[in-house]
Amino acid sequence: MLTRTLKALGRVSMVERIICATTPPQVEYALSDHGRSLAEPVRQMAQWVLAHLPVIHDNRQRYDENH
């Protein structure tokens, strides 16, 4: 699953695949510039979630009680 995810992220240039000239061969992955550009929007979304966590929990509980 991890390999599939890394390939999908590489396909859209979110990560860079680095082949190391070692024996046995090793592969490393790093965020690309494109991937790093997503850091701030994700950070903002996480801050929004944290700020709204009580409301989210209340809504989940209310939903679960009614379904």
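**Exercise 1. In which helix does L2 lie, and is L2 buried or exposed?**

The model is predicted: local features require pLDDT of at least 70, side-chain atom pairs count only at pLDDT 80 or more, and totals for chains, interfaces and linings use all residues. Residues are numbered from 1 along each chain as its sequence is written, and side-chain values use heavy atoms, with hydrogens and water left out.

Step 1. Assign the element. L2 belongs to helix α1, residues 2–11. Helices (H or I, at least four residues) and strands (E, at least two) are DSSP runs, numbered from the N terminus.

Step 2. Classify the accessibility. Buried means under 20% relative accessible area, exposed over 50%, and partly exposed in between (1.4 Å probe, protein chains only). L2 has 62% relative accessibility and therefore counts as exposed.

Step 3. Place L2 relative to A51. The two residues are 49 residues apart in sequence, and their C-alpha atoms are 31 Å apart in space.

**Exercise 2. Determine how β1 and β2 are arranged, and identify the nonpolar patch that includes I19.**

Step 1. Establish the pairing. Strand β1 (residues 15–20) pairs with strand β2 (residues 26–31) in the antiparallel sense, over six bridges; two strands pair if DSSP finds at least two bridges between them.

Step 2. Describe the connection. The two strands form a hairpin, with five residues between them. Opposite I19 stands V27 in β2.

Step 3. Identify the patch. I19, V27 and Y29 form a nonpolar patch on the surface, with about 270 Å² of accessible area together. Accessible areas come from the Shrake-Rupley method with a 1.4 Å probe; for residues, only the protein chains shown count as cover. Patches are made of residues with over 30% relative accessible area and no salt bridge (a side-chain nitrogen of Lys or Arg within 4 Å of a carboxyl oxygen of Asp or Glu). Like charges are joined within 9 Å, and nonpolar side chains (Val, Leu, Ile, Met, Phe, Trp, Tyr) within 5 Å.

Step 4. Examine Y29. This residue is in strand β2 and counts as partly exposed because its relative accessibility is 33%.

**Exercise 3. Which residues do S32 and H34 contact, leaving aside those up to four places away in sequence?**

Step 1. Begin with S32. It is located in the loop between β2 and α2 and, at 5% relative accessibility, counts as buried. Its contacts (heavy atoms within 4.5 Å) are S13, M14, V15 and E16.

Step 2. Continue with H34. This residue lies in helix α2, residues 33–36, and is partly exposed because its relative accessibility is 45%. H34 touches V12, S13 and M14. The C-alpha atoms of H34 and V15 are separated by 8.0 Å.
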